[in-house]
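Hello,

Here is the structure I promised to pass on to you. Have a look at it first, and then read on for what turned up.

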Amino acid sequence: MIFAVMVALLVTMVLALLRAFLGPGLYNRILAINNFGTKTVLFIAVAGFLFGRPEFLDIGILYALVNFVATVAVLRLTHYKELLSGSKGGEGQ
């Protein structure tokens, strides 16, 4: 059963990457990358449970923190770039 959960997480991670590469706009792509990071944290937690290594949860929590900080940083960077260029919404890029 846990193996099926890992396969399902891998499938959703691939779908998130497809959305990131083919997304219609910049913010949709950033959201897909954030979604991929969240699925990675879940994958690490499930792998730790499957292999009997509870210390994987610490790695997952650290990765979640890095994912959150990186997402906020990228969103701020794109917001400032939009302010400088005068465009809105990030669509059509």
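Let me begin with a pair of charged residues. The side chains of E55 and R53 meet in a salt bridge, with 2.5 Å from N to O. Please keep in mind that this is a predicted model, so the distance is a computed one. How many salt bridges does the structure hold? There is one, and the bridge between E55 and R53 fits a general idea: side chains of opposite charge can pair when their charged atoms come close.

Are these two partners buried or exposed? Neither word quite fits: E55 has a relative accessible area of 34%, which makes it partly exposed, and R53 also counts as partly exposed, at 40%. The range for that label lies between the 20% limit for buried and the 50% limit for exposed.

Next, the helices. Helix α1 covers residues 2–22, and helix α2 covers residues 26–51. Their axes come within 8 Å and cross at roughly 165°. Because angles over 145 degrees count as roughly antiparallel, α1 is roughly antiparallel to α2. The crossing of α1 past α2 is left-handed.

On the surface you will find a nonpolar patch formed by F3, V7, V11, V14, L15, L18, F21 and L22. Together these residues have about 850 Å² of accessible area. One of them, V7, lies in helix α1. With a relative accessible area of 39%, V7 is partly exposed.

Two residues of helix α2 are worth a look as well. I30 is found in that helix, and T40 has its place there too. Which side of the buried limit do they fall on? I30 is buried because its relative accessible area of 11% is under 20%. T40 is buried as well, with 13%.

Each of the two can also be set against a residue elsewhere in the chain. I30 and L75 are 45 residues apart along the chain, and their C-alpha atoms are separated by 7.8 Å. For T40 and V7, which are 33 residues apart along the chain, the C-alpha separation is 12 Å. That second pair links the two helices in the story, as V7 belongs to α1 and T40 to α2.

If you want a place to start in the viewer, try the salt bridge between E55 and R53, then turn to the nonpolar patch that includes V7.

Enjoy looking around!

Best wishes

Technical notes. Residues numbered from 1 in each chain as written. Predicted model: local features only at pLDDT ≥ 70, side-chain atom pairs only at ≥ 80, totals over all residues. Heavy atoms only, no water. Patch = residues over 30% accessible without salt bridge, like charges linked within 9 Å, V, L, I, M, F, W, Y side chains within 5 Å. Areas by Shrake-Rupley, 256 points an atom, 1.4 Å probe, with all protein chains shown as cover. Salt bridge = Lys/Arg side-chain N within 4 Å of Asp/Glu carboxyl O. Helix = DSSP H or I, 4+ residues; strand = E, 2+ residues; numbered from the N terminus. Buried < 20%, exposed > 50% of the residue type's maximum accessible area, 1.4 Å probe, protein only. Axes fitted to C-alpha atoms, helices over the stretch in contact; angles between N-to-C directions. Parallel < 35°, antiparallel > 145°, perpendicular 65-115°, else oblique. Left-handed = near helix turned anticlockwise from the far one by under 90°.
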